[in-house]
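Welcome, and please open your viewer. This short tour suggests what to select next and tells you what is there.

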Amino acid sequence: MTPWRSRLKRWFGVQKPPANLIIVGVGYPGFSLGQAVQASGRFHLVEFIDDEPWNNRTRLLGATVQYPGELAALIQRHEVKVVVRIEGEPPVIADNIWEEVMATGVRTLTLRADSDTETRLSELRGIQD
């Protein structure tokens, strides 16, 4: 890297753009993680996943709630880097849908249900570094 480029990076703080992210579940754990993700600025929350029909296509924290069956297509459409779920939280994703998700090459992260939001966010940051 040329000296002037390294100086520009230092002066202007050039950073990677936020990675696109999907959160599985719209309950309190998913919602609070979504708030923390937005506040961190390191990720861009593009979608939530939920299987309840009354939640479908609603907006939550600026992201749309979609059905689990749409997950693989959403990953590709939005160039999602990470799909996050919290163990034990609904919805339960069918095996065939997870196979489609894994075929996209996206990173998946299952966070512990007994951890707090800050710990979950810290684990999420760890996979981006």
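## First stop: charged pairs

Begin by selecting Arg-125 and Glu-118, which form a salt bridge whose closest N and O atoms are 3.7 Å apart. Keep in mind as you look that this is a predicted model. Arg-125 is partly exposed, at 25% relative accessibility, and Glu-118 is partly exposed too, with a relative accessible area of 49%. Side chains of opposite charge can pair when their charged atoms come close.

How many salt bridges does the structure hold? There are three, so two stops remain on this part of the tour.

Select Arg-112 and Asp-114 next. In this salt bridge the closest N and O atoms are 2.6 Å apart. Switch on the surface if you like: Arg-112 is partly exposed, with a relative accessible area of 46%, while Asp-114 is exposed, at 57%.

Now go to Arg-57 and Glu-70, where the closest N and O atoms of the salt bridge are 3.6 Å apart. This pair links distant parts of the chain, 13 residues apart. Arg-57 sits in the loop between strand 2 and strand 3, and Glu-70 in the loop between strand 4 and helix 3 (71-77). Arg-57 is exposed, with a relative accessible area of 52%, whereas Glu-70 is partly exposed, at 23%.

## Second stop: the sheet

Change to a cartoon view and find the strands. In what order do the six strands of the open sheet lie? The order is 3-4-2-1-5-6, and the pairing is mixed. At the edges are strand 3 (59-60) and strand 6 (107-111), each pairing on one side only. Strands of a sheet pair through backbone hydrogen bonds, either parallel or antiparallel.

Start at the edge formed by strand 3. Strand 3 runs antiparallel to strand 4, and two bridges join them. Select Leu-60 to see the residue that stands opposite Ala-63 in strand 4. Between the two strands of this hairpin there are two residues. Leu-61 lies in the loop there, between strand 3 and strand 4, and is partly exposed, with a relative accessible area of 23%.

Step on to strand 4 (residues 63-66), which runs parallel to strand 2 and is joined to it by three bridges. Here, select Ile-49 and look across to Gln-66 in strand 4, which stands opposite.

Then move over to strand 5 (residues 82-86). Strand 5 pairs with strand 6 in the parallel sense, over five bridges. Val-84 is a good residue to pick, as Leu-109 in strand 6 stands opposite.

Next, show helix 2 (residues 28-40), which packs on the sheet. Which strands does helix 2 touch? The contacts are with strand 1 (19-24), strand 2 (43-49), strand 3, strand 5 and strand 6. The direction of helix 2 makes about 160° with that of strand 2.

## Third stop: Asp-50

Select Asp-50, in the loop between strand 2 and strand 3. Is Asp-50 buried or exposed? Asp-50 is buried, yet has no salt bridge. The nearest side chain of opposite charge belongs to Arg-57, 13 Å away. A salt bridge needs a side-chain nitrogen within 4 Å of a carboxyl oxygen, so a pair at 13 Å does not count as one.

What lies around Asp-50? Show the backbone of Glu-52: its nitrogen lies 3.3 Å from a polar atom of the Asp-50 side chain. Leaving out residues up to four places away in sequence, Asp-50 touches Val-26, Asn-55, Val-65, Gln-66, Tyr-67, Pro-68 and Pro-91.

## Last stop: backbone details

Follow one of those contacts, Pro-91, into the loop between strand 5 and helix 4 (95-103). A cis peptide bond joins Pro-90 and Pro-91, with omega at about 5°. Most residues other than glycine have a negative phi, and most peptide bonds are trans.

Finish with two residues you have already visited. Arg-57 is not a glycine, yet has a positive phi of about 70°. Leu-61, also a residue other than glycine, has a positive phi near 55°.

Technical notes. Residues are numbered from 1 along each chain as its sequence is written. This is a predicted model: local features need pLDDT of at least 70, side-chain atom pairs count only at pLDDT 80 or more; totals for chains, interfaces and linings use all residues. Side-chain values use heavy atoms; hydrogens and water are left out. Two strands pair if DSSP finds at least two bridges between them. Helices (H or I, at least four residues) and strands (E, at least two) are DSSP runs, numbered from the N terminus. Contact means heavy atoms within 4.5 Å. Axes are lines fitted to C-alpha atoms, for helices over the stretch in contact, and angles run from 0 to 180 degrees between N-to-C directions. Buried means under 20% relative accessible area, exposed over 50%, partly exposed in between (1.4 Å probe, protein chains only). Lys and Arg count as positive and Asp and Glu as negative; His and the chain ends are not counted. A polar contact is a pair of N or O atoms within 3.5 Å; within protein, one must be able to donate a hydrogen and the other to accept it, and residues adjacent in sequence count only if both atoms are side-chain atoms.
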